[in-house]
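Take a moment to look over the sequence and the fold below. Then read on with the structure beside you.

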Amino acid sequence: MEMTIIAQLLEAGKTQREVAEQMGVPIGKLKYQLAKHRKTVSARTRPESAGTEGPDEYEFDIIHEHYGADQLYALPRDDRSLYLYWELTPERIQMAEEHFHCGWNVLPKVLRIYDVSFIHFHGDNFNRYWEFEVNQDANNWFVKDVSPNCSYIVDYGTRTIDGRFFTILRSNTVTTPPSE
């Protein structure tokens, strides 16, 4: 596989799945090649005698896509929107699969946004909430039409067969700036 083409497609904003489809290879093979490339690149080190060789003599380490931690972070994008990003470890995914007795890919992925402005949130108290399904492969999302100067907590989860929401990850508390 041509790593420069893959890198260009990923830098252009395509997901790994989209790149694999475009290149006509299985997603597993693409991930294997990326991991192999990252290992090769991170094995290279910067020369000890800095300044004697130019930057073309070495490559910088690629930023890792995953950190190996179950996490969901919410950040204010502006006074009317939030940016969310999350990561689930294989262990957390396996736990959900075992709990629901089905594959991860069949579970609906849902974001639930709680308005917790001016209250001490303890899990079941909130001013209001809304939820929506997200793409199976998504690991980040923009939430629009939130209110300025309000606090929010976001849950990433799924729905049970009878429609109940089941939390898998919970975010930090985030407060949007005032509108002025």
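What follows is a walk through this model, from the whole chain down to single residues.

Start with the status of the model: it is predicted. The mean pLDDT of the protein is 83. Of its residues, 83% reach 70 or more. One stretch stands apart. Over residues 44-64, pLDDT stays under 50. For that stretch the model has 12 contacts beyond four places in sequence. Where pLDDT is low, the predicted coordinates should not be read in detail.

Now the parts list. The protein has 4 helices and 8 strands. Read from the N terminus, the elements run α-α-α-β-β-α-β-β-β-β-β-β. The chain has 180 residues, and 34% of them count as buried. Take the contacts with a separation of 6 or more: 55% of them join residues 24 or more positions apart.

Next, look inside. In soluble globular proteins, nonpolar side chains tend to be buried together. The largest nonpolar core here has 24 residues. Which of them touch the most other members? They are Leu84, Trp86, Trp104, Leu111 and Tyr156. Several elements give two or more residues to this core: β1 (71-78), β2 (81-87), α4 (90-100), β3 (109-115), β6 (151-159) and β7 (165-170). Another core lies apart from it. That one has 8 residues, including Met3, Val19, Ala20 and Leu34.

Zoom in on Trp86. Leave aside its neighbours within four places in sequence. What does tryptophan 86 still contact? Its partners include Gln71 and Leu72, then Leu111, and then Val134. Ala138, Asn139, Asn140 and Trp141 are also among them, as are Tyr156 and Leu169.

Move to the sheet that holds β1 and β2. It is an open sheet of 3 strands, in the order β1-β2-β5, with antiparallel pairing. Which strands sit at the edges? They are β1 and β5 (140-144), and each pairs on one side only. On average, neighbouring strands of this sheet are turned by 20 degrees against each other, with direction ignored.

Follow the pairings one at a time. A hairpin joins β1 to β2 through 2 residues. The two strands run antiparallel and are joined by 7 bridges. Glutamine 71 has glutamate 87 in β2 as its bridge partner. Aspartate 78 has serine 81 in β2 as its bridge partner. Then β2 pairs with β5, again in the antiparallel sense, over 5 bridges. Here tyrosine 83 stands opposite phenylalanine 142 in β5. How enclosed is β2? Of its 7 residues, 5 are buried, so β2 is largely enclosed by the rest of the structure.

Turn to the helix α4. Which of its residues are buried? They are Ile93, Ala96 and Phe100. These residues cover an arc of only 60 degrees around the axis, which puts them on the same side of α4. Pro90 and Glu91 are exposed on the other side of α4. What covers the buried residues of α4 includes β6 and β7. Just after α4 comes histidine 101, which takes a positive phi of about 55 degrees.

Finish with two residues to compare. The first is isoleucine 113, placed in strand β3. Is it buried or exposed? Isoleucine 113 counts as buried because its relative accessibility is 0%, and the cut-off for buried is under 20%. In sequence, isoleucine 113 and glutamate 131 are 18 residues apart. In space, they are 6.1 Å apart, C-alpha to C-alpha. Beyond four places in sequence, isoleucine 113 touches Arg128, Tyr129, Trp130, Phe132, Val143, Tyr152, Ile153 and Val154.

The second is phenylalanine 126, found in the loop between β3 and β4 (128-134). Phenylalanine 126 counts as partly exposed because its relative accessibility is 30%. Its C-alpha atom is separated by 9.6 Å from that of isoleucine 153, 27 residues away along the chain. Not counting residues up to four places away in sequence, phenylalanine 126 touches Tyr114, Asp115, Val116, Ile119 and Phe121.

Technical notes
Residues are numbered from 1 along each chain as its sequence is written. This is a predicted model: local features need pLDDT of at least 70, side-chain atom pairs count only at pLDDT 80 or more; totals for chains, interfaces and linings use all residues. Side-chain values use heavy atoms; hydrogens and water are left out. A nonpolar core is a set of buried Ala, Val, Leu, Ile, Met, Phe, Trp, Tyr and Cys residues joined through side-chain atoms within 4.5 Å. Buried means under 20% relative accessible area, exposed over 50%, partly exposed in between (1.4 Å probe, protein chains only). Contact means heavy atoms within 4.5 Å. The arc is that of the directions from the helix axis to the C-beta atoms. Two strands pair if DSSP finds at least two bridges between them. Axes are lines fitted to C-alpha atoms, for helices over the stretch in contact, and angles run from 0 to 180 degrees between N-to-C directions. pLDDT is the predictor's confidence in each residue, from 0 to 100.
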